[in-house]
Amino acid sequence: MMDNIKLTKDIYYIGKVDDRDVPFHRLILTKGTTYNSYFLDTEKPTVIDTVDMIYGREFVENLSKLTNLEKIKYIVVNHTEPDHSGAMAGLCIKAKNATIVCSEIAVNELKELYKLHNREFLVVKDGDTLDIGGKTLLFKMTPYLHTAETMITYCVEDKILFPCDIFSTHVATFDLFDNLAKEDITDDFIGYYNAIIAPHRNYVKILMEAIKDLDIKMIAPSHGYILTQDIDKYINIYKDMSVIDLNGKKASIVYSTMRNSTKSIANLIKTELENANMEVSLFNANKDDINEILKAIESSDVVLFGSSTRYGDMIGSIENVLKELKEKDLEGKIAGAFGSYGWSGESIEIIQEYLNDTNMNVLNTSNIIKNTGMTEVEFPIRVKFSLNEDSSKEVIKAVEYIKTVIK
């Protein structure tokens, strides 16, 4: 653990430099990383994020040299993943009077992770502020960057943004400030974005909206360098790399419907893809020529098949199209299944089986979880009976994910 480093008056770095080859999200961080935590020594002493759980005891011991832990009033948790919240169990034993500040979703996660069921929580919403005695913290919700409960914290008086994983770098540096770096950190900054943020880049627009009116003089993330110069440069890297413009990309949607419920799903998917400037061809397998459908599929970047379920099976002529796919070279194309159903929705799973027999990149929940950690997006897309407000949101969420994986 490093000696406590002052960011500005009354704000200290209290994190840990991990200079190992660090296993992280199925990667090996050959440059190591840091787990950045911050202590605000105000009238109501406040900790913002902690460190990885393997360094929890060391973290608590180090912090106890800086302050009386029983006097800590607030512990802010921007993101519950254990590389940032991992010291919570040990810290909360010592910081007996601290209130835990977090988003609503984070409450149960922290309770279950660290047995904090009897602790006091302060749930903050987007735009809420907290007076910590001489400083004001502003909270903004930034969901899915890179998990659902994520938020960012801004110190109004010092103009410092504490964004947890956002704007981070994976570098084990003892020269924590970017102006002390011995080399340009841009490649490391972009590398972190590509590894962690890129799969969620459609949510960066929420981040940009959250910070657009903030006067940010310093960004103090939870990994790597603290940014003190060229702040706009780093913000604009996120902004520019997160633009999704699929102009020139093509999609084919093939469906078979019984009472127009599956047709409605197909139309919603079409609209959402067209909003990203994709060219979308929509086919009713029962009415359109199979040769035209197959021709469109061969020229598409994304191919989606949907069917209603009747007596445990697909309906209409869509199976005739699916049978043709196995013999075609469709490598590189993204494929997915969708449909409406009343009981079990077997037709959707049958479509998925046909797609799995091709050489396309077939969307499925398991791979999404493994690649992004997101449990909120599901493939195949299954809608019970007809689209409603909730199921429409789920379909849109799925299409947003499709947009992020189109090459």
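**Notebook: strands and pockets**

I began with strand S19, residues 302–307, and found it mostly covered, with six of its six residues buried. I note that this is a predicted model. I then looked up which way the side chains point. Val302, Leu304 and Gly306 point one way from S19, while Val303, Phe305 and Ser307 point the other way, and all are buried. Buried here stands for under 20% relative accessible area.

**Partners of S19**

Next I asked which strands pair with S19. Strand S17, residues 250–256, runs parallel to S19 and is joined to it by six bridges. In this pairing I located Ser256 opposite Ser307 of S19. Strand S20, residues 334–341, also pairs with S19 in the parallel sense, here over five bridges. On that side I found Leu304 opposite Gly336 of S20. I also recorded the connection: S19, helix H10 (residues 318–325) and S20 make a right-handed β-α-β unit.

**The five-stranded sheet**

I turned to another group of strands. Five strands form an open sheet in the order S12-S13-S14-S15-S16, and the pairing is mixed. Its edge strands are S12 (129–131) and S16 (218–219), each of which pairs on one side only. As a reminder to myself, strands of a sheet pair through backbone hydrogen bonds, either parallel or antiparallel. I checked the S12 edge and found that S12 and strand S13 (residues 136–141) run antiparallel, joined by three bridges. There, Asp131 of S12 stands opposite Thr136 in S13.

**The largest pocket**

I then looked up the pockets. The largest has a volume of about 420 Å³. Its lining comprises 20 residues, and I noted Asn361, Tyr401, Val405, Ile406 and Lys407 as those nearest its centre. Strand S21 (361–362), helix H12 (365–372) and helix H13 (389–405) are the elements that give two or more residues to this lining. Which element gives the most to the lining of the largest pocket? I found that H12 does, with four residues. By class, I recorded nine nonpolar, seven polar and four charged residues in the lining of the largest pocket.

**The second largest pocket**

My last entry concerns the second largest pocket, with a volume of about 340 Å³. It is lined by 17 residues, and the closest to its centre are Met258, Thr309, Tyr341, Gly342 and Trp343. I recorded the classes of this lining as five nonpolar, nine polar and three charged residues. Tyr341, one of the residues closest to the centre of this pocket, is also the last residue in the range of S20, 334–341.

Methods: Residues are numbered from 1 along each chain as its sequence is written. This is a predicted model: local features need pLDDT of at least 70, side-chain atom pairs count only at pLDDT 80 or more; totals for chains, interfaces and linings use all residues. Side-chain values use heavy atoms; hydrogens and water are left out. On a 1 Å grid over the protein atoms alone, a cavity is a set of points where a 1.4 Å probe fits but cannot get out, and a pocket is an open set with protein on both sides within 12 Å along at least five of seven lines; lining residues have an atom within 4 Å of a point. Grid points are joined across faces, edges and corners, and a volume is the space filled by probe spheres set on the points. Ala, Val, Leu, Ile, Met, Phe, Trp, Tyr, Cys and Pro count as nonpolar, Asp, Glu, Lys and Arg as charged, and the others, Gly among them, as polar. Buried means under 20% relative accessible area, exposed over 50%, partly exposed in between (1.4 Å probe, protein chains only). Two strands pair if DSSP finds at least two bridges between them. A crossover is right-handed if, with the strands pointing away from the viewer, the path from the first strand over the helix to the second runs clockwise.
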